[in-house]
Amino acid sequence: MAFTLCLNTSTIKPQPMLEKIRLAAEAGFAGVEIWINDVYEYVGQGGEVGDIEKALADHGLIVPCTIAVRQWGEASESEYPLMLDEVKRRMELASRLGAPYLVATPPREPCDLAQIGRRYRDLLEIGRQAGVKPTMEYIGFFHSVRHLSQAWQIVREADDPDATLLLDSFHSWNAGATLEDLEAIPVERIGHYHIDDADPHKPVGTQTDPDRVMLGDGPIDLRGEIAVLRQKGYQGTVSLELFNRELWAKDPREVLKVGIERMRELLEDG
């Protein structure tokens, strides 16, 4: 199999930090995509980052990517240095966990793309010092960088060898991106790939994170996306990323069993 199957821990969000790691390994995932806020919460409740490092090592899991840095794009000039301090902290933590990438989330509200692009270059410089690359995210229900082509524009204009973007099936579909848009992205500019499906009963462009459903239960042409990635030679990491409350209420072992089976069916070498 050319792809490395990973779990974004949002898929089983209610579970405790270390349990997420254990369950992912038990289900057969090769890695876990960790949320920095979950680490902060775990430490705030008396845990140690070293506990997480040990759990990852004990279960043989990689961390393909960490999530996320926010508010850097829209922060006022007076607040921006403080946001960069938080970016540095999060990157250093991501590096400690062995993650090559930290997701750079765009502003929710409209924001000048030129400003986002300039600031993304700042993140790239900080990332080189920390040993972690910020990977540019687009979010289909936000009002700044909502489309795959906009994220690609920012990455392209950064003119930096470390600049990458985070692919996401749900956000691509929800913002109306096409397979041709995906084909335009050079494979070396893909940092990581989130795979997910969408609610079959809600129109495109109206959905938000909780509307994601299990792979194969919605309208997204996942096989088409995977065919493009395979043709481009992508052999990187892929995370199952769902925020579905109905799935959160189920036995997480069953959710992950179905999830990895669906991933294997979609991603097995053609």
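**Entry 1: β4, β5 and the pairing around them**

I looked up Y101 and found that its bridge partner in β5 is K133, where strands and helices are DSSP runs numbered from the N terminus (E over at least two residues for strands, H or I over at least four for helices). This is a predicted model, in which local features need pLDDT of at least 70 and side-chain atom pairs count only at pLDDT 80 or more, while totals for chains, interfaces and linings use all residues. Residues are numbered from 1 along each chain as its sequence is written, and side-chain values use heavy atoms, with hydrogens and water left out.

β4 and β5 pair in the parallel sense over 4 bridges, given that two strands pair if DSSP finds at least two bridges between them. I then followed the connection and noted that β4, helix α5 (residues 113-130) and β5 make a right-handed β-α-β unit; a crossover is right-handed if, with the strands pointing away from the viewer, the path from the first strand over the helix to the second runs clockwise.

On the other pairing of β5, I recorded 2 bridges in the parallel sense with strand β6 (residues 164-168), and M136 has L165 as its bridge partner in β6. The chain crosses from β5 to β6 through helix α6 (residues 148-158), and this β-α-β crossover is right-handed.

**Entry 2: the barrel**

I traced the strands further and found that 8 of them close into a barrel in the order β1-β2-β3-β4-β5-β6-β7-β10, with parallel pairing. From one strand to the next the twist averages 35°. Strand β1 (residues 4-8) pairs with strand β10 (residues 237-240) in the parallel sense over 4 bridges, and T4 has T237 as its bridge partner in β10.

I also checked helix α4 (residues 80-96), which lies across β3 (66-69), β4 (101-104) and β5 (133-136) and runs at about 175° to β3; axes are lines fitted to C-alpha atoms, for helices over the stretch in contact, and angles run from 0 to 180 degrees between N-to-C directions.

**Entry 3: helix α6**

Which residues of α6 are buried? I listed L148, A151, W152, I154, V155 and A158, with buried meaning under 20% relative accessible area, exposed over 50% and partly exposed in between (1.4 Å probe, protein chains only). They lie on the same side of α6 because they cover an arc of only 160° around the axis, the arc being that of the directions from the helix axis to the C-beta atoms. The buried residues of α6 pack against α5, β5, β6, α7 (169-174) and α8 (179-183), where contact means heavy atoms within 4.5 Å. I noted that D159, which follows α6, has a positive phi near 50°.

**Entry 4: F170**

F170 is found in helix α7, and I count F170 as buried because its relative accessibility is 0%. Leaving out residues up to four places away in sequence, F170 touches F141, D196, D197, A198, Q207, T208, D209, R212 and I220. I took the separation of F170 from C65 as well: 105 residues in sequence and 18 Å in space, C-alpha to C-alpha.

**Entry 5: cysteines**

I searched for disulfides, defined as pairs of cysteine sulfur atoms within 2.5 Å, and the count came to 0. C6 is in no disulfide, since the nearest cysteine sulfur, that of C65, is 9.7 Å away. C6 counts as buried because its relative accessibility is 0%, and C65 is likewise buried, with a relative accessible area of 0%.
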